[in-house]
Amino acid sequence: MKGVEFVKKPVIWVVVGVMVLCLISGIGMYNGMVADNENIDNKWGDVENYLQRRADLIPNLVETTRAYAAQETKIFTGIAEARAKLAGANTVAEKAQADAELSGALSRLLVVVERYPQLKSNQNFQQLADELAGTENRLAVARKDYNAAVRAYNTRIKKFPGNIVAGMAGFEPREYFEAAEGTQKAPQVKF
């Protein structure tokens, strides 16, 4: 009988050891998912920051342009409407759609600028245009960084054994910032 007890004890220790390793591994996966989720929120905050910066620059750019091109009211109205939609958007998809509309409206504004050479030489306009271009570049980088963080997180929660921990802890896939339908084409402007 003594030999049977000797065999039972190591088996129990092995089972306990495997359970402890699984627990430690599960905790590590959970903490990694929490960190990835927080990173996504941080990256999304960067995107929203640049969207807001762009929205704040636009009225100044529009007012400077309006002084030279008062007859282009349809374009100015379109920019104001697109900017309002962006301000009212709540989800990633809504913000992506509003961003696409605002980008199209800004493209039309830049075509108007081409028609008024004296406007392009205006120092205020040039400074605002440079700031807007810099913001657009930072916004593009922030979108890319956000989508990379979403990809890393979504991959982590879908791969085995992370999918088990994610399912038990309630981690859901996050939404990518995607360009709205039709934004792959440059907007066509007709006067």
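In this predicted model, Asp145 is partly exposed, with a relative accessible area of 29%. Its salt-bridge partner is Lys144, and the closest N and O atoms of the two lie 3.6 Å apart. Lys144 counts as exposed, because its relative accessibility of 54% is over the 50% cut-off. Elsewhere, salt bridges with shared partners tie Arg54, Asp99, Glu136 and Arg143 together into one network. A search of the whole structure finds 9 salt bridges, and two further pairs deserve a closer look.

One of these pairs belongs to the network just described. The side chains of Arg54 and Glu136 meet in a salt bridge, with a distance of 2.5 Å from N to O. This pair links distant parts of the chain, since Arg54 sits in helix α1, Glu136 sits in helix α5, and 82 residues separate them. The two partners can be told apart by their surroundings: Arg54 is buried, at a relative accessible area of 0%, whereas Glu136 is partly exposed, at 25%. Arg54 falls in the buried class because its value is under 20%.

The other pair also joins helices α1 and α5. Here the side chains of Glu131 and Arg53 form a salt bridge, at 3.7 Å from N to O. Glu131 is in helix α5 and Arg53 in helix α1, with their positions 78 residues apart, so this bridge too connects distant parts of the chain. Glu131 is partly exposed, having a relative accessible area of 27%, and Arg53 likewise counts as partly exposed, at 30%.

Thr135 adds to this picture of the two helices. The residue lies in helix α5, which covers residues 123–158, and is buried, with a relative accessible area of 0%. Once neighbours within four places in sequence are set aside, Thr135 is in contact with Tyr50, Arg53, Arg54 and Leu57. Two of the residues touched by Thr135, Arg53 and Arg54, have already appeared as salt-bridge partners of Glu131 and Glu136.

Helix α5 also meets helix α6, which spans residues 162–169. The axes of the two helices come within 5 Å and cross at roughly 95°. This angle lies in the range of 65 to 115 degrees, and α5 and α6 are therefore roughly perpendicular to each other. Where they meet, Arg156, Ile157 and Lys158 are the residues from α5, while Gly162, Asn163 and Ala166 are those from α6.

Attention can now turn to the surface. Ile12 is placed in helix α1, which runs over residues 2–68. Together with Trp13, Val16, Val20 and Ile24, Ile12 makes a nonpolar surface patch of about 530 Å². For the protein chain as a whole, the exposed area is about 12,000 Å², and carbon and sulfur atoms supply 57% of it.

The overall make-up of the chain completes the description. The protein chain has 6 helices and 0 strands, so its elements, read from the N terminus on, follow the order α-α-α-α-α-α. Of its 191 residues, 34% are buried, Thr135 and Arg54 among them. Contacts in the chain also reach across the sequence: of those with a separation of 6 or more, 78% are between residues 24 or more positions apart. The salt bridges from Arg54 to Glu136 and from Arg53 to Glu131 illustrate such links between distant parts of the chain.

Terms used: Residues are numbered from 1 along each chain as its sequence is written. This is a predicted model: local features need pLDDT of at least 70, side-chain atom pairs count only at pLDDT 80 or more; totals for chains, interfaces and linings use all residues. Side-chain values use heavy atoms; hydrogens and water are left out. Helices (H or I, at least four residues) and strands (E, at least two) are DSSP runs, numbered from the N terminus. Buried means under 20% relative accessible area, exposed over 50%, partly exposed in between (1.4 Å probe, protein chains only). Contact means heavy atoms within 4.5 Å. Patches are made of residues with over 30% relative accessible area and no salt bridge: like charges are joined within 9 Å, nonpolar side chains (Val, Leu, Ile, Met, Phe, Trp, Tyr) within 5 Å. Accessible areas come from the Shrake-Rupley method with a 1.4 Å probe; for residues, only the protein chains shown count as cover. A salt bridge is a side-chain nitrogen of Lys or Arg within 4 Å of a carboxyl oxygen of Asp or Glu. Axes are lines fitted to C-alpha atoms, for helices over the stretch in contact, and angles run from 0 to 180 degrees between N-to-C directions. Angles under 35 degrees count as roughly parallel, over 145 as roughly antiparallel, 65 to 115 as roughly perpendicular and the rest as oblique.
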